[in-house]
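Reader: I have a model open at the bench and would like to talk through its fold and its contacts. Could you take me through it step by step?

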Protein chains: 4
Amino acid sequence: MTVPDKHILLMDGPDSKGLIYHVTGVLFRRNLNIIHNDEYVSPSGRFFMRTEFEGTLDSAALLSELQTELPNSSDHTIDDAHVLPDKPENVAGQSGITFRLNPKRKKNIVVMVTKEHHCLGELLIRYAFDELDADILAVVSNYNLLQPLVSKFGIPFHYISHEGKTRDEHEEAILRTMAIYEPEYVVLAKYMRVLTAGFVDNFPNRIINIHHSFLPAFVGANPYRQAYERGVKIIGATAHFVNNDLDEGPIIAQNVKEVDHRHTATDMSTEGKDVEKIVLSQALKLVFNDRVFISGNRAIIL
Amino acid sequence: MTVPDKHILLMDGPDSKGLIYHVTGVLFRRNLNIIHNDEYVSPSGRFFMRTEFEGTLDSAALLSELQTELPNSSDHTIDDAHVLPDKPENVAGQSGITFRLNPKRKKNIVVMVTKEHHCLGELLIRYAFDELDADILAVVSNYNLLQPLVSKFGIPFHYISHEGKTRDEHEEAILRTMAIYEPEYVVLAKYMRVLTAGFVDNFPNRIINIHHSFLPAFVGANPYRQAYERGVKIIGATAHFVNNDLDEGPIIAQNVKEVDHRHTATDMSTEGKDVEKIVLSQALKLVFNDRVFISGNRAIIL
Amino acid sequence: MTVPDKHILLMDGPDSKGLIYHVTGVLFRRNLNIIHNDEYVSPSGRFFMRTEFEGTLDSAALLSELQTELPNSSDHTIDDAHVLPDKPENVAGQSGITFRLNPKRKKNIVVMVTKEHHCLGELLIRYAFDELDADILAVVSNYNLLQPLVSKFGIPFHYISHEGKTRDEHEEAILRTMAIYEPEYVVLAKYMRVLTAGFVDNFPNRIINIHHSFLPAFVGANPYRQAYERGVKIIGATAHFVNNDLDEGPIIAQNVKEVDHRHTATDMSTEGKDVEKIVLSQALKLVFNDRVFISGNRAIIL
Amino acid sequence: MTVPDKHILLMDGPDSKGLIYHVTGVLFRRNLNIIHNDEYVSPSGRFFMRTEFEGTLDSAALLSELQTELPNSSDHTIDDAHVLPDKPENVAGQSGITFRLNPKRKKNIVVMVTKEHHCLGELLIRYAFDELDADILAVVSNYNLLQPLVSKFGIPFHYISHEGKTRDEHEEAILRTMAIYEPEYVVLAKYMRVLTAGFVDNFPNRIINIHHSFLPAFVGANPYRQAYERGVKIIGATAHFVNNDLDEGPIIAQNVKEVDHRHTATDMSTEGKDVEKIVLSQALKLVFNDRVFISGNRAIIL
């Protein structure tokens, strides 16, 4: 089996001497050329490596060889790392090391929104000019306000109101729509309803949210109102993976902006939107390029 | 009575039409030249103005005239503003407006530290070259570690250990030292012990602290450890007034710095120190130049 | 003549004692309520004031009264200030002070582009949701690449190729199109051809450009290439008025982004686009809200 | 010969397949543990690698083995890279690869200043608390203004006035003082005289300067005055290596700060000092930890 030209190898597991040597040796002997390599060892002794390389390859054979004769890691402590969803061709080695081998390609996503357009507009423009590193399969919203915008770009818009539905009924309706598209990632581009653990479990480490504060400050609702009342001199935004604890998942990207006492909560909200949409775009670029590992509650970006 | 050439008039109270007109008229007729004027009206209708002007004046007569025939403000709602400590010559008008008139001059301060030198070093160097807008009367510490540094600059160092003392006994010992110097402001330049409400009450809105996080994120102890564990991409520092609720006083200045997963809590602490000392210096410059009003839990900076 | 509820009074001329007093007095006696007031005196003695107020008014009578009995400024030196284009109702006082009185309203603009979509996309999305403080009357381009994007938003797109035309012929064709729309401002949203002085003279201080460097660094073509070769650690963007000297007009807004040696010129260009579009939007917001004065080669923002 | 526990291996030369594999293999077989590894390949095909590792070693034997059987690089184009000064134990391989092996240790430096204290004060405080990663052997100045500050820290101060001397005579006097200390690096901490090519040649890539603008903007004298007159909204500072072309050497670190029209050139200078001293400190930390490669006019930071 031959696959496309550029590939990304992701490696995650207990550290031991010689791991880089082992992997670069396998690639060297197979005449595969490393374009970019980056590695990280956490303080608790977990090893992460992302290797971008090019050349023609047999994925199964390469993964098999990588797992063979790995250095012994039995005396290492492993921290509570979780890995991003495996592709079928990825297999875990006996050494405790997980290898994943992805062709470099665009991801398939569904975007969820409520009423605000700024993050969605940003994603649509990028998508229209092929700068998103993803295909937007559909947009789902609990309001129909943004339908005209989405339609301009020829993308299916699913208006699934929460009115007259229990939370479970609403989420089930969304899941049925998701089942049509089978997205690799779900992007919450200012989706303003809390998702239940049951919903999130369907997309482990595959939901990315933009929160309008520099988390962990101002968790929960109305962060700009909270920021105004607290009198902060800095506002911000945080893109993070969603897990069962609201606003508590691994942080992928953050940015901030100076404000002063003259900014009302509304002013902060207006100015904050510029930060939100850029932070979300930057985080998505990292995720869609397979640059984000998850280790406990931290995101490792290589 | 004649006073020095440059003056700062601070005005704080319920807004009403014509306040700027009234004040600028009084100054105009007295041949006093406005160098800089800045005003702010809060969403709840409170008016703040800082007027820097020059000329020879009779303080008492000026204040008396300012209070006379002020526009009526009886139909205004006043929010929970607190004002900075009055000087003897300052008097409250019948309109609910507080006027304070300060000559432009350096403030007297005492600095409190524990073991870390970076903020103290910054203040000492600025003081040595007359850039602090304040005179450091003394340094108080619960350790004697920084005594050699302070001595280089010829400033009294009071080592008041907390060992073997109750919290109250320790604070009383500090207060006895403060009584020697009667500082206008107390600067906590990384003083790492919590101060009781009883202590703080002695210096209402006159204690400035530097906290090593972008508050309200990571309130309490070990903020860089908390930041590491939460996996934030931004660390910061906050200079704020100290009131009875720890880390909850009005924020004067904040700044941040980008970090990534490679920063250990120790790295964050090292890099954060550069932010802390600059933020503290910037906040002190604002306070010592009479540019900070306090309104509830917010600092208004004019 | 009665006009809408909110107004902006702009004042520009030689400083003298009592100017604020005079103006606030006129407004006070006419029962006009100041919402926001900001003033600035340049080091060379020029006075700028922007007063936002509300109330019903007779514009001509107000302007007439403002000019009457102004403080004498005959002994003041005036620097080389230029003012933004006057509206018919604005008149210059005998004191050398220029008053302009604008109702608070949206501006009419034409946007010029070449091939890049990021700034245009940003403006279109904002316009579609009424966040631009302006109406985009038309888009003009020397390529037809962005026509599909503009059409999504129902805005006229004029493709005026420069192929086979002299520079003058090309600009004349553009001017004929401008004559249809009579825009108050022309926005160069990555228009990549130099405009002649003859063209610029048609829109004095009314053309805003976004340049992809933190001017004055990297004037001219290919600034990201220049930035890469110089090995800078910071890239940026600058929104400025266009005058006869390329890249030399008054700067309205700037922002920057950290880069490192791993960024190729192409990477810098990609990341810089996020800075460019936000900086341009911020500058336009200032200009369209009548917050920008021009003084020589400096923009005063009140 | 045994050397200390922590070591830094720097590698610089034409890229070829298998370089990482080769080096990590040598270290693996010698039981040396890689703590941190970072590599970079420039667009023109030059390979840079910094490997921090620990273990007991024989330097000469290790370097000898590293040079043996390196992958062939004969078909690679090499760009105009310059390397940092070699230590005696460092040798160039036949493959065109330069290896340097440094024990991890503090560097010896001489600091040069004129009249401003802020950068010097920053370095002295860091040095006093062992945070500079360097020993300050002496301070040299063309004024005696900062002698009292330096004396507080017990460091030799050499006052070498330029009065009554030709430029060459002055520089010769400085070089005689340098000869006493033989510093590895010379730090220009606001030394405000231009150094001749003759002087610079004595310390190739070993002089670090702090320039008070975000280079290449405002090259030359009075950058804050230039910044004021150009009306920029951002000021900054640049730490760079000094080569024969003034302000043109490789940039190590830069940072910026927002300003507005209210900042006079003096205000910019005052606020800029905070940026200057932090940027200089950050650049020195990188250089003193052997993290900076020079490639043409670019600094590669690993």
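Author: Gladly, and please keep in mind that this is a predicted model. A good place to begin is chain D, where seven strands form an open sheet in the order E8-E7-E6-E9-E10-E11-E12, and the pairing in that sheet is mixed.

Reader: Which strands are the edge strands there?

Author: The edges are strand E8 (157–159) and strand E12 (251–258) of chain D, each of which pairs on one side only. Across this sheet, neighbouring strands are turned against each other by 20 degrees on average, if direction is ignored.

Reader: And how many bridges join E9 to E10 in chain D?

Author: Strand E9 (residues 185–188) of chain D is joined to E10(D) by three bridges, and the two run parallel. Within that pair, Val187(D) has Ile208(D) of E10(D) standing opposite.

Reader: What comes after E10 in chain D, in the loop before H7?

Author: That loop, between strand E10 (207–211) and helix H7 (223–230) of chain D, holds Phe218(D). The phi of Phe218(D) is positive, near 60 degrees, although the residue is not a glycine. As a rule, most residues other than glycine have a negative phi, and most peptide bonds are trans.

Reader: Is Phe218(D) buried or exposed, and why?

Author: Phe218(D) counts as buried because 25 C-beta neighbours lie inside 10 Å, and the cut-off for that class is 20 or more.

Reader: You mentioned trans peptide bonds; where is there a cis one?

Author: One joins Leu215(A) and Pro216(A), with omega at about 5 degrees, and Pro216(A) sits in the loop between strand E10 (207–211) and helix H7 (223–230) of chain A. Another cis peptide bond joins Leu215(C) and Pro216(C), where omega is about 10 degrees, and Pro216(C) lies in the loop between strand E10 (207–211) and helix H7 (223–230) of chain C.

Reader: Changing topic, what about helix H1 of chain B, which of its residues are buried?

Author: In helix H1 (residues 19–29) of chain B, the buried residues are Leu19(B), Ile20(B), Tyr21(B), His22(B), Val23(B), Thr24(B) and Leu27(B). Within chain B they pack against strand E1 (6–14), strand E2 (33–41), strand E3 (46–54) and helix H2 (59–67), and they also pack against helix H1 (19–29) and strand E2 (33–41) of chain C.

Reader: What follows H1(B)?

Author: Asn31(B) follows H1(B), and its phi is positive, near 65 degrees. In chain A, Asn31(A) is in the loop between helix H1 (19–29) and strand E2 (33–41), and Asn31(A) has a positive phi near 65 degrees. Asn31(A) counts as exposed because it has 10 C-beta neighbours inside 10 Å, the cut-off being 12 or fewer.

Reader: How many residues do chains A and B each bring to their contact?

Author: Chain A gives 24 residues and chain B gives 24 residues. On the side of chain A that touches chain B, strand E12 (251–258) and strand E14 (298–301) of chain A each supply at least two residues. By class, that side of chain A has 14 nonpolar, five polar and five charged residues.

Reader: How can chain A be laid on chain B?

Author: A turn of 180 degrees with a shift of 0.0 Å along the axis lays chain A on chain B with an RMSD of 0.0 Å, and the two copies are therefore related as by a two-fold rotation axis. The C-alpha of chain A nearest the axis belongs to Ala217(A), 2.2 Å from it. The same surface serves both copies, since 100% of the contact residues of chain A recur in chain B.

How values were computed
Residues are numbered from 1 along each chain as its sequence is written. Chains are lettered from A and ligands numbered from 1 in the order in which they are written. This is a predicted model: local features need pLDDT of at least 70, side-chain atom pairs count only at pLDDT 80 or more; totals for chains, interfaces and linings use all residues. Helices (H or I, at least four residues) and strands (E, at least two) are DSSP runs, numbered from the N terminus. Two residues are in contact if their C-beta atoms, placed from the backbone, lie within 7 Å. Ala, Val, Leu, Ile, Met, Phe, Trp, Tyr, Cys and Pro count as nonpolar, Asp, Glu, Lys and Arg as charged, and the others, Gly among them, as polar. Copies are superposed by least squares on the C-alpha atoms of residues with pLDDT of at least 70 in both. Two strands pair if DSSP finds at least two bridges between them. Axes are lines fitted to C-alpha atoms, for helices over the stretch in contact, and angles run from 0 to 180 degrees between N-to-C directions.
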